[in-house]
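Student: I should like to take a close look at a single part of this model. Please treat the metal site and its surroundings in one connected account.

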Amino acid sequence: MTKIFAHRGSKGTHPENTLPAFREAVRVGADGVELDVQLTKDQELVVIHDNDVDRTTDGTGEITDFTLSEIKQLDAGSWFKPEFSGERIPTFVEVLTCLQEEGFTGILNIEVKTDEKEYPGIEAKVIECLNQQEWSFQVAYSSFNFSTLENLAELDPTREICHIMYAKQSEIEMVKHVPFISGVHPKITWIQENPEQAVTYPLPLRPWTVNQVGDMLLAFELGLAAIHTDYPEQAKLLLKSYQER
Ligand code: G3P
Ligand code: MG
């Protein structure tokens with residue numbers, strides 16, 4: 001059965017990559033939760049998608065221009081809806097703790113956001129946080145950046161490692177033969193254009209970002225491992241009715 005992964009939390013209904021978005025993902029029964037992790041100026045792990053704070057907070061500037069205490073001053077909720085006013089950019093540990101407190105038992109997909117910035121040493125910091133205690137959920141690492149995945153595989157061969165990609169044919173072929181890659185997260189357009197290949201592909205496929213009903217149904221029909229969606233509640237309901245049809 002196709003698993004439903006909440007993209008940046010429940011991004012469509014709550015401010016992305018904030019604690020309310022992650023709580024909502026758990027509330028609606030998402031099987032997986034995806035987040036994006038980056039480093040502040042003082043080398044603290046924070047959960048945010050863009051390389052700057054402009055779109056999702058009331059501030060401006062690159063994440064690497066802010067210390068953790070400075071970035072914590074920003075409002076990361078008002079831009080989405082006034083009711084989320086005062087929400088903060090969470091640290092990585094705050095999200096892990098939140099998911100644990102909410103009783104999340106699915107898969108946490110940690111996207112190490114090194115496609116535009118390098119963040120040397122970020123992989124070790126992520127692993128160090130995870131290894132501080134037992135968690136109620138499983139972990140899958142993911143990144144667009146293949147070097148990041150190589151670093152993760154070397155430092156932590158115990159957890160799942162997935163390659164995110166726009167999915168050129170050469171990339172799709174290449175990763176099949178990389179022993180430490182256990183899943184592929186392609187853009188949904190690759191699935192739309194290559195449904196036959198998707199069915200026989202030897203690794204689990206979890207495309208992004210699957211927000212249209214037709215694309216969700218395509219994923220269910222092809223038996224894909226999972227989808228990343230901004231609307232996990234809607235996707236769960238659609239999957240239920242698909243199974244009962
Ligand atoms: O992990 C899938 C997806 O999150 C990749 O794209 O840009 O939303 O991080 P993006
Ligand atoms: Mg992401």
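Which residues coordinate the magnesium ion (ligand 2)?

Tutor: The model is a predicted one, and the description that follows should be read in that light. In it, the magnesium ion (ligand 2) is coordinated by Glu34 and Glu111 through OE atoms and by Asp36 through OD, at 1.9 to 2.2 Å. Along the sequence, these donor residues follow the spacing E-x1-D-x74-E. Glutamate 34 belongs to strand β2 (residues 32-39) and glutamate 111 to strand β4 (residues 107-112), so this pair ties together parts that lie 77 residues apart in sequence. As for accessibility, glutamate 34 and glutamate 111 are both buried, each with under 20% relative accessible area.

The two strands also take part in the largest pocket: β2 and β4 each supply at least two residues of its lining. That pocket holds about 300 Å³ of space. Its lining comprises 19 residues, and the closest to the pocket centre are Arg8, His49, Glu111, Lys113 and Phe144. Glu111 thus has two roles in this description, being a donor to the magnesium ion (ligand 2) and one of the residues closest to the centre of the largest pocket. By class, the lining is made up of 8 charged, 7 polar and 4 nonpolar residues.

For the wider setting, an unreviewed UniProt entry lists residues 2-239 as "domain: GP-PDE". In the model, the end C-alpha atoms of residues 2-239 are 8 Å apart, and the span is 33% helix and 17% strand.

Definitions and conventions:
Residues are numbered from 1 along each chain as its sequence is written. Chains are lettered from A and ligands numbered from 1 in the order in which they are written. This is a predicted model: local features need pLDDT of at least 70, side-chain atom pairs count only at pLDDT 80 or more; totals for chains, interfaces and linings use all residues. Side-chain values use heavy atoms; hydrogens and water are left out. Donors are N, O and S atoms within 2.8 Å of the metal (3.2 Å for Na, K and Ca); water is not among the atoms, so sites may look incomplete. Helices (H or I, at least four residues) and strands (E, at least two) are DSSP runs, numbered from the N terminus. Buried means under 20% relative accessible area, exposed over 50%, partly exposed in between (1.4 Å probe, protein chains only). UniProt positions are given in the numbering used here, feature names are shortened, and annotations may be inferred rather than shown by experiment. On a 1 Å grid over the protein atoms alone, a cavity is a set of points where a 1.4 Å probe fits but cannot get out, and a pocket is an open set with protein on both sides within 12 Å along at least five of seven lines; lining residues have an atom within 4 Å of a point. Grid points are joined across faces, edges and corners, and a volume is the space filled by probe spheres set on the points. Ala, Val, Leu, Ile, Met, Phe, Trp, Tyr, Cys and Pro count as nonpolar, Asp, Glu, Lys and Arg as charged, and the others, Gly among them, as polar.
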